[in-house]
Amino acid sequence: MKALITGVTGFVGQHLASYLLMNGYYVLGTSRHNANNEQFIEGIELVNIDFDNTADIVKVLDTVQPDFIYHLAGQSSVKDSWVDKEGTFQSNVNLTLRLLEAVVSSSVKDTVKILTVGSSEEYGGIDANSEPIPESTQLKPTSPYGISKATVGMLVRHYYMAYGLKVVHVRPFNHIGPGQRMGFVVSDFSNQIVEIERGDRDRVISVGNLSAQRDFTDVRDIVRAYYLLLSQEVEMCWGESVNVCSGEATPVQSILDILLSLCSVSIEVKVDQNKFRPIDVPLFIGDNTKLKSLTDWEPLYNLEQTLNDVIENLRNQ
Ligand code: GDD
């Protein structure tokens, strides 16, 4: 089996590539970064695609002939989307549009199976009584990022309805694990803790909104769900969205408490109002019934294990 992963050098891309390689796939990947500067996985063939040029994408698809496309490339930070709205739409919406348009014009149109990545942020301002959130919930995204991902979901439906593309749109809730770059709650907290342990900064951790509650899943469980969704004959979900989540909410305060308990030095917590967002959804819990009915997916990592792996990974760098 041949898989093409866009954004292969990103956090999720690297974990997915490792998992697919382990399952005997031939893995090709695109990256906007120079792979030599990245911590990179052996055994992946990097391909250059000019995503500004639909004809170039078609050419690559015709040459590579992938069985699966995992479209992971995009702008993944909710926080950054408030600052760079246009860039977020460019990376998330326009790039997906060009890729799907290219597939329609390519020789793999009728065979390739595609997965696009959305987000729980698509649901946005949900009434707490409606949680856990099933896919049928009306989308009310409140961040520029959430709006961009909801648009991607609509494109997926359009390309399935209009052209019959075998494409599924996943809505992962918060995913965490070793290798996540700074800018997300677990990586931001963990990096500061390890720097304090090393004596590289004062014993004060700077945090944002601790009252938000999120549905956290280990990235290694997330990529297994992606693999299962495309590898099994799940014909009924083309054009649809599928939540990928644990079904449990954890307050950000608890994440902080667990991380601090893994650290040997005592640390003062300082709340920084600059880290708050104009709108921050107070609670997200996903309903994973659909994913579990389509596949035999179950999360294998618990939160403590994941947070411990994150900290250990940083300590060993
Ligand atoms: N990043 C960050 N840094 N967030 C903090 C901090 C901090 O120091 N302190 C508190 N938070 C709070 C945020 O305000 C938010 O309520 C929560 O922690 C989670 O923030 P992030 O980890 O940045 O994740 P996110 O929910 O905005 O987005 C992530 O999850 C989405 C799915 O729900 C990303 O992984 C997205 O790509 C993904 O789609």
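**View 1. Helix α4, residues 85-105, has the length expected of a helix with its residue count.** At 1.5 Å a residue, its 21 residues should span 30 Å, and the end C-alpha atoms are 30 Å apart, so the two agree. The expected span is 1.5 Å times one less than the number of residues. Helices (H or I, at least four residues) and strands (E, at least two) are DSSP runs, numbered from the N terminus. This is a predicted model: local features need pLDDT of at least 70, side-chain atom pairs count only at pLDDT 80 or more, and totals for chains, interfaces and linings use all residues. Residues are numbered from 1 along each chain as its sequence is written.

**View 2. A kink in α4 is centred on Ser-91.** The kink is about 25°, the bend being the angle between axes fitted to the seven residues ending at a residue and the seven starting there. Ser-91 is also buried (20 or more other C-beta atoms, placed from the backbone, within 10 Å of its own). Other buried residues of α4 include Thr-88, Asn-92, Leu-95 and Leu-99. Their cover includes α2 (54-64), β4 (68-71), α3, β5 (113-117) and α5 (144-163).

**View 3. The ligand has 24 residues around it.** Val-78, Ser-119, Val-185, Gly-208 and Ala-212 come nearest, where near means a C-beta atom, placed from the backbone, within 6 Å. Two or more shell residues come from each of α3 (78-83) and α6 (185-197). The shell divides into 9 nonpolar, 8 polar and 7 charged residues.

How values were computed
Nonpolar A, V, L, I, M, F, W, Y, C, P; charged D, E, K, R; others polar. Buried ≥ 20, exposed ≤ 12 C-beta atoms within 10 Å, placed from the backbone. Contact = placed C-beta atoms within 7 Å.
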